[in-house]
Amino acid sequence: MNNRRYPSLSWPWVGLLLCLALLGQEYLLQAIGSNAPLTAYRIALMAVGVASLALILLPPRRIGYLLGFLVCVGLMGYALYLQYGEGIEPCPLCMLQRICVVAMGVVFLIAALHNPGRAGAGVYALVQLVFGGAGAAIAARHVWLQSLPKDEVPACGMGLDYMLETLPFTDVLRNVLEGSGECAEKGWEFLHLSIAGWTLVFFVAMIVASFALIRRD
């Protein structure tokens with residue numbers, strides 16, 4: 001009986017793909033400079049790596065949903081630690097991304113409790129695509145703001161709490177999505193990716209895992 005879940009890939013192909021990826025990285029760094037800011041290439045590379053790892057380790061469906069929920073809890077816990085332990089205040093775009101993470105966590109928890117079949121798993125995957133896609137779009141906007149030269153960064157705007165108290169919700173949402181100066185501050189980096197960059201990687205990986213779980217029993 002063949003228990004493989006994914007097509008096999010021989011080591012020569014793995015070596016060739018790795019070589020091409022590294023050559024692509026070298027070419028990009030030469031083109032834009034070795035001290036270049038956050039790039040779409042780095043984010044795409046990490047998203048592919050994290051998503052691939054998730055697919056390799058993909059457990060049965062119910063356990064997968066539970067692990068997805070725990071990952072969301074862990075991300076929110078670390079975000080709160082950075083805010084209250086390290087003093088890194090979240091900008092308005094960060095807050096929207098947190099809302100999307102919480103929404104995905106709630107969906108994962110409901111799915112774990114429901115333990116759906118393939119049809120139900122497809123519905124949950126589509127819901128995660130909505131929340132994860134929204135979070136990815138917001139994170140991508142955040143990454144773009146962080147990549148701007150200093151002279152092109154927008155001025156700092158009003159705080160989110162103040163906007164919610166004084167402006168209509170549609171105006172608040174428009175101002176937040178446009179971004180402001182505080183959203184361009186990275187504050188924290190790991191492997192050349194800021195919090196926004198890693199959040200974008202997370203959203204992509206969770207969407208991929210959600211659809212992969214459809215075929216898991």
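## Aromatic cluster

Y65, F108 and Y124 are joined into a cluster by ring pairs. The model is predicted. Across the whole structure, a search gives four aromatic pairs. One of them is Y65 with F108, a tilted pair. Their ring centres are 6.3 Å apart, and the planes meet at 45°.

Which helices hold these two residues? Y65 sits in helix α3 (residues 61-84), and F108 sits in helix α4 (residues 92-114). The pair therefore ties together parts that are 43 residues apart in sequence.

Are Y65 and F108 buried or exposed? Y65 has 2% relative accessibility, so Y65 counts as buried, the cut-off being under 20%. F108 is also buried, with a relative accessible area of 2%.

## The F202 and F203 pair

F202 and F203 form a ring pair too. The centres lie 5.2 Å apart. The planes are at 55°, so this pair is tilted. An edge-to-face label would need an angle over 60 degrees.

Both partners are buried. F202 has 7% relative accessibility. For F203 the relative accessible area is 0%.

## Nonpolar surface patch

Which residues make the nonpolar surface patch? They are L16, L17, L20 and L23. The patch covers about 380 Å².

L17 belongs to helix α1 (residues 11-32). Its relative accessible area is 47%, so L17 is partly exposed. Exposed would require over 50%. Patch residues need over 30% relative accessible area, and L17 has 47%.

Notes
Residues numbered from 1 in each chain as written. Predicted model: local features only at pLDDT ≥ 70, side-chain atom pairs only at ≥ 80, totals over all residues. Heavy atoms only, no water. Phe/Tyr/Trp six-rings, centres within 6.5 Å; stacked < 30°, edge-to-face > 60°. Helix = DSSP H or I, 4+ residues; strand = E, 2+ residues; numbered from the N terminus. Buried < 20%, exposed > 50% of the residue type's maximum accessible area, 1.4 Å probe, protein only. Patch = residues over 30% accessible without salt bridge, like charges linked within 9 Å, V, L, I, M, F, W, Y side chains within 5 Å. Areas by Shrake-Rupley, 256 points an atom, 1.4 Å probe, with all protein chains shown as cover. Salt bridge = Lys/Arg side-chain N within 4 Å of Asp/Glu carboxyl O.
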